[in-house]
Amino acid sequence: MTLNPQQFDWAANLIDKAVAEGNLELNEQGLPVANLAEVQANLEQDRQQRREESGASSTGDQERLVLGFCLAGKHDHRDQWGEFRTLLGLQYSDELPSSLWTDKDAKWVAQEIDATYRNRRSVQLINGAALIESLREQIESKISTASLQDFARAVQGIELEVDGVPASDFRISAEILRTRWGRQKVSRLGEALIRSVKREVDVTEVLEQCTAELQEARDIFSGRIGNSYAFASAEDAWFQVEQEMTKEHCEPVSTGIMSLDMDIQGGVKQNDAGKLHLIGARTGVGKSTLAIAAAAGLVANGADVLFLSCELNQKEIGARFLAHYARHLQSVGRMPEEMVRLLPQWRLEGRGKIGMTETISAAYLHLMNCLQEDKLLGGGNFQSYCQFLAEADDFVEVLRAAKAKDPSISAVFLDHFHALRPTAKGPRDRSQEMEVRAQILHGAAKECEVDLFLLCQLNRGAADDPKGPQAIHINGTDALAQLASAVWLMEFKKPDLEAGEKFDRGLVNLIHGKVRNGQRVQDKQITVNESILSFNRDHCYIDSDRPVYL
């Protein structure tokens, strides 16, 4: 190509200007000096920015790439999908909006991944093969009428998108997709306004739509999609009800303590969780012991349990759980009494005068072998988490994270309500602050679909009242009792001095302070206001609980 004199002068002036401004460096021969790698990187960045600003950068390819990372291979990609949701600002109970996806196959696959993540499918693994198997089960159960062949083709096509792409690129791809979704929203907003102005029509409706689009774009850019509102249609409700009615009936999981089970319809129901239960007592009466016993009973019967504490550390919680488990093994004939006597909770905590002798080591090894055997046979999982000086909001975040990693968690114990630090932004009034704290925790139980057993402190009036402890003796607030489905209040059993009885720290009166759904033992309706519990404090075990029937 030959330049005419005018074009040559224009090009020469442009080069002189670039040199004068320091944007171009020339060598001794008058040729430009440049770092080719840096120039290419700058050009690629400029092209990428131009594509995004012009709207030419589609989200479809990035959508398939992000999903591909969550499908490829045979391992569980739950953590990756949880990371993607966190990037968008979604909480555990929030559904990922289907309106974000522009690729038809990506939308379908993403909905199945998200439903699996939120414990809405029987198959819990998140990968391509598991999702296909999950849809097969839905079709066979007549829950879905979708085409398995079309879904498998969509999954396999998306899996190919990440063939040869390093798995470490997932975070980058997710961040790019979030940015593109936001830019796409803004781009649509501008186009809609321009079209409405050109047509010279009433723009009121267009402005309302644009306002909604703008809010969605702001939520995407700031990672706060979870703060937006999602309303369920009648069709959504129909589908959810059909799922609940057609899936396998879920029997309640027993705590192993009849006096608790009778007030909560037989135990914890994994497909009907989200309730608040209270265990109240004065300091030292045994609310932590009762909670450990109930948690261990649920685990022995197959439930996954999370034990939270702002008082005990993880060593203390673990020791109490293992001590209870040793006593449980004795009750079913799997561990001799002489071994169990070697493993009280105080020794497991390292407070015994005798260290780990050969005899104690053999008993402990037998205990751990039995624990592993029970897990393989379908026993539940016991997890604990401790945080001193925690606020209610701190444990809400812990609960969300735990539920995301293990959707099977159906019961959570928090020890205890009154040891939590006051909420920083809460009301100054102590009673109001506690009411807010109670509502926060109850809302988290509903959101994460777990039964929350909340331990709370009773005031001194509980011991002095001739009627025994009542809900009005809960320290500081009556909001807890109002929100709870079941309330159990404990106090040491008073001895009959005239009959020559002596005080026994192992005997406790359990008052059934509130029962929202009635009391039942199997299918029989009963009425019980009080039970007598015999505590084995060395092993955090309830040796017996005797309901006093009316």
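In this predicted model, a good place to start is H416, which sits in the loop that links β6 (409-415) to α18 (430-448). The peptide bond leading from D415 into H416 is cis, and its omega is near -5°. Two other loop residues stand out by their backbone angles. K142, found in the loop between α6 and α7 (148-159), has a positive phi of about 65° although it is not a glycine. C540, in the loop between β12 (528-536) and β13 (541-549), likewise is a residue other than glycine with a positive phi, here near 50°. Most residues other than glycine have a negative phi, and most peptide bonds are trans. The surroundings of the two residues can be set side by side: K142 is exposed, with a relative accessible area of 66%, whereas C540 is buried, at 1%.

Attention now turns to the interior. The largest nonpolar core holds 72 residues, and those touching the most other members are L67, W81, F84, W101, V109, I113 and L441. Helix α17 (residues 392-405) gives the most to this core, contributing 7 residues. For L441, contacts beyond its neighbours within four places in sequence are made with A392, V396, L414, F417, L420, L452 and L454. A second core, separate from this one, has 51 residues, among them L290, L298, V340 and V508. In soluble globular proteins, nonpolar side chains tend to be buried together.

Helix α3 (residues 60-69) is mostly covered, as 9 of its 10 residues are buried. The buried residues of α3 include G60, Q62, E63 and R64, along with L65, V66, L67, G68 and F69.

How do helices α5 and α6 cross? The axes of α5 (residues 104-117) and α6 (residues 128-140) come within 11 Å, with a crossing angle of roughly 85°. The two helices are therefore roughly perpendicular to each other. On the α5 side, W108, V109, E112, I113 and T116 take part, meeting L131, L135 and Q138 of α6. By type, the residues of this contact comprise 5 nonpolar, 2 polar and 1 charged. V109 and I113 also appear among the core residues that touch the most other members.

A last stop is N509, placed in strand β9 (residues 507-515). Is N509 buried or exposed? N509 is buried, with a relative accessible area of 16%. The side chain of N509 forms a polar contact with that of E530, at 3.3 Å. Setting aside residues up to four places away in sequence, N509 touches L489, M490, E491, F492 and K493, as well as E530, S531 and I532.

Conventions:
Residues are numbered from 1 along each chain as its sequence is written. This is a predicted model: local features need pLDDT of at least 70, side-chain atom pairs count only at pLDDT 80 or more; totals for chains, interfaces and linings use all residues. Side-chain values use heavy atoms; hydrogens and water are left out. Axes are lines fitted to C-alpha atoms, for helices over the stretch in contact, and angles run from 0 to 180 degrees between N-to-C directions. Helices (H or I, at least four residues) and strands (E, at least two) are DSSP runs, numbered from the N terminus. Angles under 35 degrees count as roughly parallel, over 145 as roughly antiparallel, 65 to 115 as roughly perpendicular and the rest as oblique. Contact means heavy atoms within 4.5 Å. Ala, Val, Leu, Ile, Met, Phe, Trp, Tyr, Cys and Pro count as nonpolar, Asp, Glu, Lys and Arg as charged, and the others, Gly among them, as polar. Buried means under 20% relative accessible area, exposed over 50%, partly exposed in between (1.4 Å probe, protein chains only). A polar contact is a pair of N or O atoms within 3.5 Å; within protein, one must be able to donate a hydrogen and the other to accept it, and residues adjacent in sequence count only if both atoms are side-chain atoms. A nonpolar core is a set of buried Ala, Val, Leu, Ile, Met, Phe, Trp, Tyr and Cys residues joined through side-chain atoms within 4.5 Å.
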